[in-house]
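Dear colleague,

Please find the structure below, handed over together with an account of what was found in it. I would be grateful if you kept the sequence and the model open while reading.

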Amino acid sequence: MIKNISVIEGDGIGPEVIKQTIKVLNSIAIKYGHNFHYKNSLAGSKAIEKFGNPMPEETIDNCLKADAVLFGCIGEPKYDHNTRGMRPEDGLLKLRKKMNLYCNIRPIVVFPNLDKSPVKKELLNKVDFIIYRELTGGIYFGEKGRYNNGKIAYDYCIYSKSEIERIGEMAFKAALLRKKKVTLVDKANVLETSRLWREVIKKISFDYPDIYIDFLYVDNASMQIIMNPQKFDIILTDNMFGDILSDESSVLTSSLGLLPSASIGDYKSMFEPVHGSYPQAKGKNIANPLGCILSGSMMLGYFGMHKEKNIIEKAVKNSIEKKICTQDIIDLKLSSTTDEVGNYIEKFIKNQ
Ligand code: IPM
Ligand code: MN
């Protein structure tokens, strides 16, 4: 297969983790006779420097034309105080919106031989759930502003029935192929948008009689994720709650650096690790490339390349079993560099 992949390395550790991912994708291409063409575009702080805009039209164009987008991460403390629309993160939000990537899928899987989680080991056995986070609506994209000379600020949280329905359907379909349970996380005791989510999701659930549906308030859910993580299968939630719960859930896995994600729209999709740009680690060859590599494998699954996806996952599992790991998930003395982890996985695939 020929696939055109739009690549955005972004800021901080982005270029380092993307480099390892492309190495791994190339080893897959050689093994299975695929042609992956990569086209790099700027976003985030590099785009601010070059174009005065964190998400230039040219980048959006490249992404819309490609078969998929592979995204590193963005964020640069130097620009934290830029005006609205001009922070690196605003570039990412703009791209998600322009590509209509409304369904963000974040799998939370605990690898049995990692022990950096502060959560008790017996609670972590067989934890395997997926967060379905709505990604183009809610408080992130509602009107925002200030008045009274800047002394009063507001962010408007808004959802439509159709925005909830389209991700709701995807979550139920995913549950059918798994443990058949959907947990809607909201704050329906307080928020009107949450009450609409409940109404719409309840209605969808009638079309899926085999799925067990559960409703949790977000404050309770955030406690249950730590105290009782095995009980989850698909967590369905809005943009803001999904953002917070995914960082929290990463604690179960030992490191945020391990988490991949897929952002799906009607026509296009983007694949990016859940972690941020981790500026303190930039250029040190210590960043964990696995979140990005696993995002690459989710991309292959989206292309229908299931064998290829599985082999990357097998390689990642093997690297962890063999303790070829970066310092966020293993003792510093035993740790490998970003490059070494990428090389190990590349070689594992080659030798299969
Ligand atoms: C994420 C990130 C982004 C978000 C930031 C960088 C805007 O935290 O993808 O989880 O809040 O969505
Ligand atoms: Mn986040």
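Met240 counts as partly exposed because its relative accessibility is 28%, a value that falls between the limits of 20% and 50%. Please bear in mind from the outset that this is a predicted model. Met240 is placed in helix H9. Its C-alpha atom is 9.2 Å from that of Gly137, although the two residues are 103 apart in sequence.

Two other residues may be read in the same manner.

Met227 belongs to helix H8, which covers residues 218–227. Is Met227 buried or exposed? With a relative accessibility of 52%, Met227 counts as exposed, because the limit for that class is over 50%. From Met227 to Leu124 the distance is 9.6 Å, C-alpha to C-alpha, with their positions 103 residues apart in sequence.

Ile105 is part of strand S4. Its relative accessible area is 12%, so Ile105 is buried, the limit for that class being under 20%. Between the C-alpha atoms of Ile105 and Trp197 there are 18 Å, and these residues are 92 apart along the chain.

I turn next to the pockets. Rolling a probe the size of a water molecule over the atoms shows where empty space is left.

The largest pocket holds about 1,000 Å³ of space. Its lining consists of 33 residues, and those nearest the centre are Pro107, Ile130, Met298, Lys309 and Glu313. Which elements each supply at least two residues of this lining? They are strand S4 (103–109), strand S5 (128–134), helix H6 (161–176), strand S11 (262–264), helix H10 (290–302) and helix H11 (306–321). By class, 22 residues of the lining of the largest pocket are nonpolar, four are polar and seven are charged. Domain 1 (1–101 + 266–352) and domain 2 (117–253) each give at least three residues to the lining of the largest pocket.

The second largest pocket contains about 740 Å³ of space. It is lined by 29 residues, with Glu89, Asp90, Leu93, Arg96 and Tyr140 closest to its centre. Strand S3 (68–73), helix H4 (88–98) and helix H9 (239–253) are the elements that contribute two or more residues to this lining. Which element provides the largest share? It is H4, with eight residues. The lining of the second largest pocket comprises ten nonpolar, six polar and 13 charged residues. Here too, domain 1 (1–101 + 266–352) and domain 2 (117–253) are each the source of at least three lining residues.

The model also includes a ligand. Which residues surround ligand 1? They are Glu89, Arg96, Arg106, Arg133, Tyr140 and Asp243. Among these, Glu89, Arg96 and Tyr140 also appear in the group closest to the centre of the second largest pocket. Three distances to oxygen atoms of ligand 1 can be listed:

- Arg106 has a polar side-chain atom 2.9 Å from an oxygen atom of ligand 1.
- Arg133 has an N or O atom in its side chain 2.9 Å from an oxygen atom of ligand 1.
- Tyr140 has a polar side-chain atom 2.5 Å from an oxygen atom of ligand 1.

Finally, there are two points about the backbone. Most residues other than glycine have a negative phi, and most peptide bonds are trans.

Asn148 has a phi near 55°, which is a positive value in a residue other than glycine. Where is Asn148 placed? Asn148 lies in the loop between strand S6 (144–147) and strand S7 (152–155). Its relative accessible area is 45%, and Asn148 is therefore partly exposed.

Tyr278, which is likewise not glycine, has a positive phi, near 40°. Tyr278 is found in the loop that lies between strand S12 (269–271) and H10. Because its relative accessibility is 44%, Tyr278 counts as partly exposed.

Yours faithfully,

A colleague

Definitions and conventions:
Residues are numbered from 1 along each chain as its sequence is written. Chains are lettered from A and ligands numbered from 1 in the order in which they are written. This is a predicted model: local features need pLDDT of at least 70, side-chain atom pairs count only at pLDDT 80 or more; totals for chains, interfaces and linings use all residues. Side-chain values use heavy atoms; hydrogens and water are left out. On a 1 Å grid over the protein atoms alone, a cavity is a set of points where a 1.4 Å probe fits but cannot get out, and a pocket is an open set with protein on both sides within 12 Å along at least five of seven lines; lining residues have an atom within 4 Å of a point. Grid points are joined across faces, edges and corners, and a volume is the space filled by probe spheres set on the points. Helices (H or I, at least four residues) and strands (E, at least two) are DSSP runs, numbered from the N terminus. Ala, Val, Leu, Ile, Met, Phe, Trp, Tyr, Cys and Pro count as nonpolar, Asp, Glu, Lys and Arg as charged, and the others, Gly among them, as polar. Domain bounds come from an automatic or database domain assignment. Buried means under 20% relative accessible area, exposed over 50%, partly exposed in between (1.4 Å probe, protein chains only). A residue is near a molecule or strand if one of its heavy atoms lies within 4 Å of it. A polar contact is a pair of N or O atoms within 3.5 Å; within protein, one must be able to donate a hydrogen and the other to accept it, and residues adjacent in sequence count only if both atoms are side-chain atoms.
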